[in-house]
Amino acid sequence: MSTIRFGVWALVHGSRAALQDPEEPYDASWARNRAIVLEAERLGYDCTLIAQHTINPHDPDLDELEAWTAAAALAALTSRMEIITAIKPLLYHPAVLAKMALGIEAISEGRFAINLVNAWNRPEMEGAGIPFPEHDDRYEYGTEWLTVVEQLLRGDRVSHHGQHLQIPNYRLRPTSQFRTRPRIYVGGESEPARQLVAQCGDVWFINGQDLATVSALIADVAGRPRHGAPPLKFGLSAFVIARPTAAEADANLQHLFELSAKDAAIKAQKAANTDPNSVMAAVLARTPRVGSNGGTGAGLVGDYDTVAERVAAFHRAGIETFMLQYQPFEREMARFAQEVMPRVKRLLVRAG
Ligand SMILES: Cc1cc2nc3c(=O)[nH]c(=O)nc-3n(C[C@H](O)[C@H](O)[C@H](O)COP(=O)(O)O)c2cc1C
């Protein structure tokens, strides 16, 4: 079994469960994100995921932190954590993006990773005049784009004449001094996303869902041909509510449901903006939940021992990296590190 890893979602668009929370006033600033990530590193977290949205996906009037400039700065400020940064292929030419990624790989001394995401928020693209092809066409473009990026990250000379991209003759220097290339994650659950990650990814990020569903997803994708690449690894997104007792955790979940009900108008607008063919949207509509990308749907809500046991069960099912959300973020991130992480490690040691 691979070593378990814990990460925190950067708060690029503020609170994850409810936007109107007196205990967590809206704050998506660089200063707050810097403080969270540095504190996460001190607490023992292994990685952070910086989502990429050019405009705020909940409400375009709200602030949104820019992912790639923040990633470069966090790479310089941290010393141990992996800095995973999302990228929507439609936004960047592959040569420009690969160059930026290799720059942050050098700044971080071998701790950088990209997370390829397919986009779902129509106004983010269309409002800027950027074409927004249909769901599967975006993945077709993303697959060709990632094939090129992967070679450029390795330092290969690329001569590519594809359906969407013409790159006659290109090679980037310097490459990584630390490994073959930065890691490649993919976030998306549809069939083309699964094909893409099996074909050219290193880690598949799964939306927070119950253990049986996650196990079936892992079995499906782990069984696909890898053409000589090492076995795929798996990450899970989840929103955590861990408390001394189950009753306190349930009460907090109810409290967050009540707060998130205040965002009903924003959520309705977000749903209208979402590509209806995105599998993510269907997954999230299945059961009530708080948090993004599956949120509490992963079931990490309960007393400390129960949450630790569920994390350990996901790990035994194949999840290496847990990418976590909390609210209020700073207080709950610390509580998880102090109360749940040691319990998980004890459980995994005991199980051998
Ligand atoms: C862990 C994770 C992180 C994601 N991060 C982003 C992001 O930063 N920006 C974004 O626009 N979409 C993000 N997404 C959504 C993907 O863009 C994808 O488009 C969405 O899941 C719909 O694709 P699907 O139909 O393959 O599920 C993320 C998804 C996952 C699972």
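This briefing covers the overall fold, two loop residues and the unusual backbone geometry of the protein. The model is a predicted one. The protein contains 12 helices and 12 strands. Its radius of gyration is 19 Å, which agrees with the value near 20 Å expected for a compact globule of 352 residues.

**Overall dimensions and surface**
- Along the principal axes, the C-alpha atoms occupy a box of roughly 60 × 50 × 40 Å.
- Buried residues make up 56% of the 352 in the protein.
- Among contacts with a sequence separation of 6 or more, 76% are between residues 24 or more positions apart.
- The exposed area is about 14300 Å², of which carbon and sulfur atoms supply 54%.
- The protein has 36 positive and 41 negative charges, and the mean positions of the two sets lie 6 Å apart.

**Glu 23 and its surroundings**
- Glu 23 lies in the loop between strand 1 (5-9) and helix 1 (30-43).
- Glu 23 counts as partly exposed because its relative accessible area is 45%, which falls between the 20% and 50% cut-offs.
- Beyond residues up to four places away in sequence, Glu 23 touches His 255, Pro 328 and Arg 331.
- The side chains of Glu 23 and Arg 331 are joined by a polar contact of 3.0 Å.
- Glu 23 and Pro 328 are separated by 305 residues in sequence, but their C-alpha atoms are 6.4 Å apart.

**The loop between helix 10 and strand 11**
- Thr 296 sits in the loop that runs between helix 10 (279-285) and strand 11 (301-303).
- With a relative accessible area of 10%, Thr 296 is buried.
- Outside its neighbours within four places in sequence, Thr 296 contacts Phe 239, Ile 241, Leu 253, Arg 289, Val 290 and Val 301.
- Asn 293 is also placed in the loop between helix 10 and strand 11.
- Asn 293 is buried, at 19% relative accessible area, and has a positive phi of about 50° although it is not a glycine.

**Other backbone features**
- Most residues other than glycine have a negative phi, and most peptide bonds are trans.
- His 227, which is not a glycine, has a positive phi of about 50°.
- His 227 belongs to the loop between helix 7 (211-222) and strand 9 (233-239), and counts as exposed at 70% relative accessibility.
- The peptide bond between Arg 173 and Pro 174 is cis, with omega about 0°.
- Pro 174 is in the loop between strand 6 (166-170) and strand 7 (183-187).
- A cis peptide bond also leads from Gln 327 to Pro 328, with omega near -10°.
- Pro 328 is in the loop between strand 12 (319-325) and helix 12 (329-351).

Technical notes: Residues are numbered from 1 along each chain as its sequence is written. This is a predicted model: local features need pLDDT of at least 70, side-chain atom pairs count only at pLDDT 80 or more; totals for chains, interfaces and linings use all residues. Side-chain values use heavy atoms; hydrogens and water are left out. Helices (H or I, at least four residues) and strands (E, at least two) are DSSP runs, numbered from the N terminus. The radius of gyration is taken over C-alpha atoms; the globule rule is 2.2 Å times the number of residues to the power 0.38. Buried means under 20% relative accessible area, exposed over 50%, partly exposed in between (1.4 Å probe, protein chains only). Contact means heavy atoms within 4.5 Å. Accessible areas come from the Shrake-Rupley method with a 1.4 Å probe; for residues, only the protein chains shown count as cover. Lys and Arg count as positive and Asp and Glu as negative; His and the chain ends are not counted. The place of a charge is taken as NZ of Lys, CZ of Arg, CG of Asp or CD of Glu. A polar contact is a pair of N or O atoms within 3.5 Å; within protein, one must be able to donate a hydrogen and the other to accept it, and residues adjacent in sequence count only if both atoms are side-chain atoms.
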